[in-house]
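Me: I am in my first year and would like a careful, close look at how one chain in this model is packed inside, and then at what lies around that chain. Please take me through it in one connected answer.

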Amino acid sequence: MSTQLDHDVPNTSIGKSIPRREGPEKVSGKAIYSDDMSMNGMLHGALLGSPYPHARIVSIDKSKAEALPGVKAVLVGEDLPFNYIGMFIKDQLALARDKVMYVGDPVAAVAATELSIAKDALRLIEIEYEELEPVLDPEAALLADSPVIHDKRADYPTMFELPKEPNGCCYTELMEGDPNTIWDQCDVIVEDEYTVPAQYHMYMEPVSTLADVDGSGKITIWSSMQSVGRVQMYVAAAMGLPMSQIRVIAPRIGGGFGGKCEFTNQPITAFLAQATGKPVKMTLSREDDMSMMKSRHGGKIYMKTGASKDGTLLARDCRIILDGGAYADESPEVSPIAALFSRGPYRIPNMRVEAWSVYTNRSRASAFRGFGNPQATFASESQIDDIADKLGMDPMTLRQKNALEGDDLFFCGKRIESASIQACLEKVKQASGWEQKRKQTLPAPPGKRRGIGIAAMSHICGLLASGANVTLNEDGTVTVNSGCVDIGQGSDTLLSQIVASSLGLDLSQVNHANADSDSSPYNFQTSASRTTYMSGNAVKKASENVKEQIFKQAEQILECAESDLELRPGGFVGVKGVPEAVIPFAAAAGRSIYQEGGPIMGTHNWIYTPEDKMDPKRMLLKGFAMMPDGVGILTFAAQIAEVEVDEVTGQVEVLEYWAAHDVGQAINLASVEGQIQGGVVQSIGYALFEEMLWDNGRLINPSMMDYKIPGMADVPYKIHPLLIEMPEDSAPFGAKGVGEICCVGPAPAITNAIKHAVGARVTQIPATPERVLDAMQNNSDC
Amino acid sequence: MTNKQIVKLEVNGDTHELLVQPTQTLLHVLREQLQLTGTKCGCNNGVCGSCTIIVDGQAVRACLSLAVASSEKEITTIEGLEENGKLQSLQQAFIDKQGLQCGFCTPGMIMSSLALLAKNPSPSIDDIREDLSGNLCRCTGYVKIADAVMSAIEVEQS
């Protein structure tokens, strides 16, 4: 539901482009990231990865490594407590034991006085392996005769029932209506298979952790991560220690995008600190980060869609196979989310989807901005264009005809808070000059052709739990502590703005406390586009709680009824209509701590719960680790790409990009624009360049040289964020999250533009020159 | 180790006599020995540009430079830009235009931009895109970085 903004609050910065609070430290080199820290007596940690994709560990001799001068600890799996950790399936150990599951799977760790010594020591560890047949094809991995990677999986603690198939990690099936009874009624049917790559997060700061242990055995960790609370929980579980013995602090974080969700190298670094009794820092090289850490799920999507000749979408059947890699990580929620979004922002009355996450012998796939949705939407939006083509209909018109509106329910029956997809389509259509550009052949230089393509999309924002504390200082300034980790998206500034705007303060009067598990309230993590909505709500309501307490004190001081009080800019409370009757917040704070009431501390904690639970009777709903109604509120967007294709080389250049997003209400305008522009560019990489490549289970491009992400000259300067502000009732100042949805559309928008330019459908991304040329050659229209 | 050499580095106006391994990069020495951690290591093989510093007026990748080869050269890192505690207009422009998000690429991006403006005081948007294409950023999509550089030029010229 949409609502009007509360304009009664004075001094609001909502909607303005407020510069980042941490800007000065980031432009001056003073911002401290994990690897910038050092401590007295600090040791350096390094990890040894498995050389084989699938092998049994026969024996390990670490004596030579231990004997190397400067080496303080050499740890292997057998040295650690046998504690499995993981989110939905506890299937991972801090170091492999008995078996290795991928090339790079950490099998030993060293702490030494110098990094170079630690690395030398790794080479002295002698491990005998017995190679096993690797499982590399996720579809073959499900067949009965496939080797089994997790032969002990019956022992793993899980949050849901695992599929019976040999390497099945998660199976989800959703159905509304029944497409199999409808195909006969369809005038047009498109059917294809789509291939999507594993995309590496390529946060600019590689994974890094510093762990220290104090005299009582309490471990303190500084790390590049997306949640202090999650890391605290995993380290405690791995070490078999109570969470009260683990403290986790967030320094500045150099990007995450999902790759630093859950845990990375924190447990093993903590073990090294515990083993040596010294602080240990472990920063991965880029090559190790790429080989050992995580990625977006690659995979295959089989999709069939049918429509009537007037363009009404009638039926879809979809099978999604995602390669989850060696450990489950967040796979059991990624493939269900892919399934949930495989219908797109449309009404398709007969829809069936099955989605798999499958274990294979490659590095684990994880959360990555969009969380399964970019994969599903690539297939879905490609088919919408192909149906429009077959019907001779404008793809924009087809989308407008079928897009959800008003009281339509989302797939699985989830209620839509604000059906803004139509507004997004209209806005992006106007801004891009769509009608004019689709009518004609776009003028292009010799040897090149130009095209324009669209994608419509939806995503979630919200989910799980967050809390916040706002405390009033004696001088009337406030401190906000929400446990949010700002990984670069700007939440420190945004949450400060929400507090300031709730209390009429200047931003300079709000202190934003760093996330520290010793003092911060619980916050799930920086993921799921959830910070603005979840923590934003928590800090807003905690601020309102502070306001109530300030007003109670002000009632006494100003001798009036609470209803006569008003906030005034800069931290003052006054009597309505009486300009001279005013006190500073400091007076209320002073009275509370020296006279009556006690310190003023506002708090709010909550968990996202849908207003109406979905009815499992109206659909088939199987294998969701977390129910689809619990994944937060829906957001919508429509994006258009204009591209130029070289007819000789197949090279594609994106010339201009328009992205219309329903953001509810921008809290920080430039930050919202920056999120959208950054997300679009990250997914231009997904669409055109980025692909992790394996040869027999070995990653063959683990360097920035061999794995290209877009540089400034590879992407357009003209990336236009177009904001639609329909404030959402349940959101702080109406603001919805935008961090992921911006990544969902570029792959199909770009491949649809390629099709408009050269008439060829690219069904495998990245759309490299070779694949574009292949598609052109296979297409008789060219 | 016996093969260490003494090197005299002039960094941000200060002279340091240091004992370094001949194989050590300038990046390693700046970060580990001089604690100048503003210069970042994103790839350590000369691709990402996060370690860009200015050596004798040229933008240089500290991860590809040997410390022993940097003797007697004038080295400027991100920590050397403030004048009397005040940010340079280019630094301020990165803040004002939100030409940064996580901030990890920012020092290198600013050093490359400074080197560009030193040789071409009024670059076009395309000059900027071309010249800064060796500095990778994963957060911003580059638009606001280009805007920051353009805005700094306007400030300088007004």
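Reply: What follows goes from the confidence of the model to the inside of chain A, and from there to its partner.

The model is predicted, and for chain A the pLDDT averages 95, with 98% of the residues scoring at least 70. One stretch to read with caution is residues 1-7 of chain A, where the pLDDT is below 50, although this stretch has 16 contacts in the model beyond near neighbours in sequence.

A good place to begin a close look is helix α9 of chain A, which covers residues 395-402 and has as its buried residues P395(A), M396(A), L398(A), R399(A) and N402(A). If you look down the axis of α9(A), these buried residues fall within an arc of 165 degrees, so they line one face of the helix. The cover over the buried residues of α9(A) includes the strands β14 (313-325) and β16 (448-461) of chain A, together with the helices α8 (373-391), α10 (421-432) and α11 (434-439) of chain A.

Two single residues, each in another helix, let us practise the idea of burial. L494(A) sits in helix α12 of chain A, which runs over residues 491-503. A residue counts as buried when 20 or more other C-beta atoms lie within 10 Å of its own, and L494(A) is buried because it has 30 other C-beta atoms within 10 Å. Setting aside residues up to four places away in sequence, L494(A) touches T532(A), I667(A), N668(A) and S671(A). Between the C-alpha atoms of L494(A) and G258(A) there are 20 Å, while along the chain these two residues are 236 residues apart.

The second residue, A589(A), belongs to helix α14 of chain A, residues 585-594. A589(A) also counts as buried, because it has 24 C-beta neighbours inside 10 Å. Its contacts, again without residues up to four places away in sequence, are L472(A), N473(A), E474(A), G476(A) and I600(A). From A589(A) to P10(A) the C-alpha separation is 20 Å, although their positions lie 579 residues apart in sequence.

From these single residues we can turn to the nonpolar interior. The largest nonpolar core has 301 residues, and those with the most contacts inside it are L95(A), V110(A), I320(A), I750(A) and I754(A). Taking V110(A) as an example, and leaving out residues up to four places away in sequence, we find that it touches G45(A), A46(A), A65(A), V71(A), A73(A), V74(A), A118(A), A121(A) and L122(A).

Chain A also meets chain B, in a contact that takes 44 residues from chain A and 43 residues from chain B. On the side of chain A that touches chain B, α1 (23-27) and α15 (669-688) of chain A each supply at least two residues, and α15(A) gives the most, with eight residues. Sorted by class, this side of chain A has 21 nonpolar, 17 polar and six charged residues.

Chain B itself is assigned two domains, domain 1 (5-80) and domain 2 (89-157), and their centres, taken over C-alpha atoms, are separated by 21 Å. The contact between them takes 15 residues from domain 1 of chain B and 13 residues from domain 2 of chain B. On the side of domain 1 that touches domain 2, the elements giving two or more residues are β3 (52-55) and β4 (58-61) of chain B, and the largest share, three residues, comes from β3(B). The residues on that side of domain 1 of chain B divide into six nonpolar, eight polar and one charged.

Notes: Residues are numbered from 1 along each chain as its sequence is written. Chains are lettered from A and ligands numbered from 1 in the order in which they are written. This is a predicted model: local features need pLDDT of at least 70, side-chain atom pairs count only at pLDDT 80 or more; totals for chains, interfaces and linings use all residues. Domain bounds come from an automatic or database domain assignment. Two residues are in contact if their C-beta atoms, placed from the backbone, lie within 7 Å. Helices (H or I, at least four residues) and strands (E, at least two) are DSSP runs, numbered from the N terminus. Ala, Val, Leu, Ile, Met, Phe, Trp, Tyr, Cys and Pro count as nonpolar, Asp, Glu, Lys and Arg as charged, and the others, Gly among them, as polar. pLDDT is the predictor's confidence in each residue, from 0 to 100. A residue is buried if 20 or more other C-beta atoms lie within 10 Å of its own, exposed if 12 or fewer, and partly exposed in between; C-beta atoms are placed from the backbone. The arc is that of the directions from the helix axis to the C-beta atoms. A nonpolar core is a set of buried Ala, Val, Leu, Ile, Met, Phe, Trp, Tyr and Cys residues joined through C-beta atoms within 7 Å.
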